[in-house]
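Work through the following exercises with the sequence and the coordinates open beside you. Each task is followed by a solution that proceeds step by step.

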Amino acid sequence: MPSAIKLNGKFSKNFNELIKNKINSKEQLKNIEKEAALILKSLGGQPKDNNLNKTVLVIGYVQSGKTTSFQRLIALAGDNGYKLAIIFAGTGNLLLNQTAQRLEDELKGNSYDISITDVNPKPENISDIKDSLSLSDLTVIPVLKHYSHIGKLAELLSDRNIKSLLHNS
């Protein structure tokens, strides 16, 4: 039987505190939380409850609140034992860097439990990713929506040490 999803863990509380001045109402915040919980449930809840071979893709219109929504989903995932989130953000570095900065400001804040990696990591950055996965409860990797960056990330994540860190949490 799947475990119940935790809705108010340390990442969610931190996110809600950092975002409270940007959300218009408690109802809007509850709607974002509800949608994030539904997406997480579609993955099977907590990693220990499933085989970790599922992927979720969340899309939305321009200026529709995607960044806030996926930040809430990442916080919820972290509270429920997920160690890694990958954000494919933008087709140009300007939007990717803007998203990475928002992740730093609105998701991480002063928390040492979450690590936002450098954008577009390459296989030669493997030690940085290993450190992040080892030292943080949750690692977020922002990547440009471009085949070459996605290929480099796939190569990096195929490393057996990285796989071990992800599956032995």
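**Exercise 1. Determine whether Asn-120 is buried or exposed, and examine its backbone.**

In this predicted model, Asn-120 has a relative accessible area of 7%, and because the limit for a buried residue is under 20%, Asn-120 counts as buried. The next step is to place the residue in the chain, where Asn-120 is found in the loop between β2 and α5. The backbone is then examined: phi of Asn-120 is near 50 degrees, which is a positive value in a residue other than glycine. As background, most residues other than glycine have a negative phi. A glycine can be set beside this case, for α4 is followed by Gly-109, whose phi is positive and near 60 degrees.

**Exercise 2. Work out the strand order of the open sheet, and state how its strands pair.**

The open sheet has 3 strands in the order β1-β3-β2, and the pairing is parallel. The edge strands are β1 and β2, each of which pairs on one side only, and the twist averages 15 degrees from one strand to the next. As general background, strands of a sheet pair through backbone hydrogen bonds, either parallel or antiparallel.

Taking the pairs in turn, β1 and β3 pair in the parallel sense over 5 bridges, with Ile-141 in β3 as the bridge partner of Ile-86. The strands β2 and β3 likewise pair in the parallel sense, over 3 bridges, and here Val-140 in β3 is the bridge partner of Ile-116.

**Exercise 3. Assign the residues of β1 to a covered and an uncovered face, and find which residues make a nonpolar surface patch.**

The covered face of β1 consists of Ala-85 and Ile-87, whereas Leu-84, Ile-86 and Phe-88 form the uncovered face. The general rule behind such an assignment is that in a regular strand the side chains alternate between the two faces of the sheet.

Following the uncovered face further, one finds that Ile-86 and Phe-88 join Ile-150 in a nonpolar surface patch of about 220 Å². Ile-150 is found in helix α6, which spans residues 147-157. With a relative accessibility of 34%, Ile-150 counts as partly exposed, and it can therefore pass the patch criterion of over 30% relative accessible area.

**Exercise 4. Identify which residues of helix α4 are buried, and what covers them.**

Helix α4 comprises residues 93-108, and its buried residues are Leu-96, Thr-99, Ala-100, Leu-103, Glu-106, Leu-107 and Lys-108. The cover over these buried residues includes the helices α1 (10-19) and α3 (66-79), together with the strands β1 (84-88), β2 (114-116) and β3 (138-143).

One residue on this list also takes part in a salt bridge: Glu-106 pairs with Arg-102, the closest N and O atoms being 3.2 Å apart. Both residues lie in helix α4, 4 residues apart, which is about one turn of the helix. Their accessibilities are then compared with the cut-offs: Glu-106, at 2%, counts as buried, while Arg-102, at 26%, counts as partly exposed.

**Exercise 5. Trace which residues are linked with Lys-10 in a network of salt bridges.**

The structure holds 7 salt bridges, and a step-by-step search may begin at Lys-10, whose side chain meets that of Asp-137 in a salt bridge (2.3 Å, N to O). This pair links distant parts of the chain, with Lys-10 in helix α1 and Asp-137 in the loop between α5 (126-135) and β3, 127 residues apart.

The second step adds Asp-113, which forms a salt bridge with Lys-10, the closest N and O atoms being 3.4 Å apart. Here too distant parts of the chain are linked, since Asp-113 lies in the loop between α4 and β2, 103 residues from Lys-10 in helix α1.

Lys-10, Asp-113 and Asp-137 are thus linked in a network of salt bridges. As to accessibility, Lys-10 counts as partly exposed at 43%, Asp-137 counts as partly exposed at 37%, and Asp-113 counts as partly exposed at 30%.

**Exercise 6. Locate Ile-5, and say how far apart Ile-5 and Asp-79 are in sequence and in space.**

Ile-5 lies in the segment before α1 and is buried, with a relative accessible area of 17%. Along the sequence Ile-5 and Asp-79 are 74 residues apart, and in space they are 8.5 Å apart, C-alpha to C-alpha.

Key
Residues numbered from 1 in each chain as written. Predicted model: local features only at pLDDT ≥ 70, side-chain atom pairs only at ≥ 80, totals over all residues. Heavy atoms only, no water. Patch = residues over 30% accessible without salt bridge, like charges linked within 9 Å, V, L, I, M, F, W, Y side chains within 5 Å. Areas by Shrake-Rupley, 256 points an atom, 1.4 Å probe, with all protein chains shown as cover. Salt bridge = Lys/Arg side-chain N within 4 Å of Asp/Glu carboxyl O. Helix = DSSP H or I, 4+ residues; strand = E, 2+ residues; numbered from the N terminus. Buried < 20%, exposed > 50% of the residue type's maximum accessible area, 1.4 Å probe, protein only. Contact = heavy atoms within 4.5 Å. Pairing = 2+ DSSP bridges. Axes fitted to C-alpha atoms, helices over the stretch in contact; angles between N-to-C directions.
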